[in-house]
Amino acid sequence: MINLRNVVFDYPLQGGTFRALNGVNLRIERGDFVAIIGASGSGKTTLMNIIGLMATPTSGDMEIDGVSAGTLDADALAAARNQKLGFIFQHFNLLPRLTVLENVLLPAQYIEDGKAVAKTSFKKPSSAHWEERALTLLKTFGLEGQEDKTPALLSGGQKQRVAICRALLLDPDVLLADEPTGALDSANTSRVLDLLEAMNREGRTIIVITHDVQVASRAKRVVKIHDGQIREDTRKTETASQKASEKAQNPPLLWEETEPKHSASAIKSSCQGTVGSVLASWFPLTAVRQAFSNLGVNPVRSLLTVFGLSIGMSAIIIMLTLTSEARQAFQRFFDTKGGKSAWISADWRESERLGKGYWRGLHRDVEAPLLNRYFSRYGRIDPMTEVSDCQFRSRFRTASGEAKGIEDLGQFSESEMKLAKGRYFSPSEVMESPVSKVVVLGKAAADSLFPSLSEEAVANPRYPVGETVTIRGGCSLNLTLTVVGVLQEQDTVFDNAINAALWVPTRTLRAGGLSPYTRSVMAIPHPGVSPTWFAENVKTFLRASTGDRFPFRAFVPEQQISRVNLMLTVLGGLTIVVGGICTVIGGIGVMNIMLVNIAERIREIGIRKAVGAKGFRIRNQFLVESTVLCLVAGVLGVAAGVLVSNLAMAAAAHAMPRYVNAGVSWNSAAVAIALVSSVVAGFGFGLLPARRAAAMDVVEALRQE
């Protein structure tokens with residue numbers, strides 16, 4: 001079954017090499033029980049590593065089932081270790097973070113279809129099959145009821161039996177035992193040797209590496225090695241009657257538990273759920289579960305590691321969410337202030353500079369309707385009714401400001417002009433004859449004209465509703481109006497004097513001396529039509545209609561909105577850059593902690609490789625761990641970012657309820673970007689440590705303490 005021909009193995013040393021094996025020739029038949037003995041440093045452990053396919057000879061050849069190990073790549077060697085060999089180590093080599101059952105099931109995680117070894121059709125049964133077999137082995141070796149314990153809660157003999165169960169799980173052809181009794185007392189030593197003999201009687205090939213003559217005496221064949229060479233190879237001779245008698249005197253393999261069990265209070269399970277669910281999911285889901293388990297071993301270190309990455313993720317969430325909400329709030333604000341409209345008027349300064357005189361304006365009753373018909377496909381054009389530099393007088397005070405015309409009651413609602421006192425105009429006051437001499441005051445105009453501490457203010461809660469205001473001097477108007485309402489204070493983004501204005505029906509202003517000509521119009525485009533495009537076309541039309549004699553200018557709030565949005569976009573981009581820098585810094589921290597993690601778990605890597613883990617499986621395991629670590633950081637960052645964003649939006653909604661919606665803010669794109677970034681960071685920054693772990697030599701890894 002195993003054939004070594006002229007095997008030489010040299011260890012590299014500084015300035016030279018050390019020859020551990022020197023021309024070893026050894027043939028082991030199927031069903032043999034061989035003890036390889038020798039003093040410390042004789043080369044017996046190196047010989048076991050070569051037989052166990054964990055080391056490659058410097059020269060010579062080693063065959064297993066007629067296949068040369070030299071023709072197998074690393075993955076094929078791992079598959080052969082997994083399917084054909086079972087290892088029983090001196091120090092048990094159980095993974096402390098796994099339960100007894102999980103340790104036994106470890107080789108089953110790495111089963112793949114065999115392809116480069118003589119053992120032909122090795123099939124991969126279901127996880128339930130291996131769980132059932134593992135539980136049967138544990139029961140056979142007297143470990144029933146110990147499945148959910150961690151190795152720390154077991155005695156030395158129990159640990160060794162768990163290691164034997166693990167070695168037997170996949171029913172290997174060969175059992176390799178390296179000093180299997182070195183860590184046991186005499187009673188447990190005898191039991192383990194009895195087990196090895198029993199397994200050999202069942203047809204397994206047993207190879208024991210030992211320096212103990214007592215252990216070697218139980219083998220059928222003893223190979224002595226000294227200074228890297230086989231010096232003696234002797235075999236016991238047994239007659240057929242002796243074999244039959246030994247078989248009759250030794251019943252089938254069954255361990256009788258004589259060691260005291262731990263009390264119930266001393267047993268603490270390290271895993272959640274039932275035994276039957278341990279292998280319910282295979283790699284990589286098993287690796288995900290183990291990744292969370294490994295993170296929980298040192299939670300403080302894990303949290304500190306993900307802190308920087310979480311800051312980057314939360315910064316992305318906060319700024320993208322707040323930028324989106326701010327953009328919507330600004331849009332609502334501009335919409336209520338005519339943000340979808342444009343104002344076109346004669347450019348007096350430019351006209352004066354060019355010496356072109358003054359445009360008389362657009363006739364409200366003749367030219368304005370024609371202009372509307374011309375642009376009816378694209379929007380509506382309303383003549384502006386504003387009279388500047390007016391003097392307003394009440395019986396208390398005098399103030400100056402603008403008188404603004406109202407042609408449609410919808411203008412109040414469109415501009416979200418709210419009443420503080422009184423009422424709006426009635427339809428008859430705006431549209432029907434005779435002319436109604438009424439006025440609605442802006443908040444500043446009301447405060448200027450009517451003192452709040454007057455006797456009338458104290459006696460009449462509707463004051464100054466019912467009072468009169470005279471418009472005379474400084475403008476063309478001559479009117480005495482009755483106050484019917486007072487507006488709440490309005491935002492002054494597009495009109496600084498809006499709160500000092502008086503709102504009067506346009507018909508009333510016309511009757512009081514308002515010119516039939518207007519020098520400015522408001523262009524309101526239909527949905528889908530750009531206000532900027534519409535305003536430019538109206539400007540061009542007006543310039544052409546005046547023979548290109550007068551210059552015109554347009555004020556388009558859409559352009560202001562674009563500037564605000566550009567500023568918000570730049571701010572969001574800068575924050576994403578900062579978040580990206582935090583992500584890189586956090587990712588470097590993850591890489592560093594993964595390197596530390598791997599350095600702490602070198603022996604675990606060696607154990608996993610010894611039971612058949614291929615390089616890409618080790619790499620994927622640590623990639624999953626780094627990705628899970630970063631994904632946890634991403635989730636924490638998302639949670640923190642969403643919380644901070646909603647607190648900020650709640651404060652904004654309280655301060656500006658008209659423009660900021662109350663409720664939970666959730667930016668799906670930001671969340672997706674943060675989570676995807678965390679996964680990419682986990683993969684990217686975990687790749688180097690994972691590849692380093694995958695490239696570790698199995699023998700060197702097993703030597704680590």
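Start by selecting helix α2: the cover over its buried residues includes strand β4 (59-64), strand β6 (85-88), strand β7 (174-178) and helix α20 (602-610). Keep in mind throughout that this is a predicted model.

**Stop 1: helix α2**

Helix α2 spans residues 74-84. How many of its eleven residues are buried? Nine are, so the helix is mostly covered. To display them, select A76, L77, A78, A79, A80, R81, N82, Q83 and K84. Then show the four elements named above, which are among those that cover these residues.

Next, move to the N-terminal end of α2 and select D73, which caps the helix there. Show its side chain as sticks: one of its oxygens lies 3.2 Å from the backbone nitrogen of D75.

**Stop 2: T518**

Now go to strand β21, residues 517-518, and select T518. Is this residue buried or exposed? T518 is buried: its relative accessible area is 3%, which falls under the 20% cut-off.

Two kinds of partner can be displayed around T518. Close in sequence, the backbone oxygen of S520 is reached by the side chain of T518 at 2.9 Å. With neighbours within four places in sequence left aside, the residues in contact with T518 are W359, G361, L362, R364, P383 and M384.

**Stop 3: helices α19 and α22**

Select residues 557-600 for α19 and residues 668-694 for α22. A pair of packed helices is described by the distance between the axes and the angle between them. Here the axes come within 9 Å and cross at roughly 25 degrees. Because angles under 35 degrees count as roughly parallel, α19 is roughly parallel to α22. The crossing in which α19 passes α22 is right-handed.

Which residues make this contact? On α19, select T583, V584, G587, I588, M591, M594, L595 and I598. On α22, select A681, F685, L688, P689, A690, R692 and A693. Colour the selection by class, and the contact shows twelve nonpolar, two polar and one charged residues.

While α19 is on screen, a general point about helices may help in reading the selection. An α-helix has 3.6 residues a turn, so residues three or four places apart point the same way.

**Last view: the whole protein**

Zoom out and colour by secondary structure; the protein has 23 helices and 23 strands. Of its 705 residues, 49% count as buried. Finally, consider contacts between residues at least 6 apart in sequence: 78% of them join residues at least 24 apart.

Conventions: Residues are numbered from 1 along each chain as its sequence is written. This is a predicted model: local features need pLDDT of at least 70, side-chain atom pairs count only at pLDDT 80 or more; totals for chains, interfaces and linings use all residues. Side-chain values use heavy atoms; hydrogens and water are left out. Axes are lines fitted to C-alpha atoms, for helices over the stretch in contact, and angles run from 0 to 180 degrees between N-to-C directions. Helices (H or I, at least four residues) and strands (E, at least two) are DSSP runs, numbered from the N terminus. Angles under 35 degrees count as roughly parallel, over 145 as roughly antiparallel, 65 to 115 as roughly perpendicular and the rest as oblique. A crossing is left-handed if the near helix is turned anticlockwise from the far one by less than a right angle, and right-handed if clockwise. Contact means heavy atoms within 4.5 Å. Ala, Val, Leu, Ile, Met, Phe, Trp, Tyr, Cys and Pro count as nonpolar, Asp, Glu, Lys and Arg as charged, and the others, Gly among them, as polar. Buried means under 20% relative accessible area, exposed over 50%, partly exposed in between (1.4 Å probe, protein chains only). A polar contact is a pair of N or O atoms within 3.5 Å; within protein, one must be able to donate a hydrogen and the other to accept it, and residues adjacent in sequence count only if both atoms are side-chain atoms.
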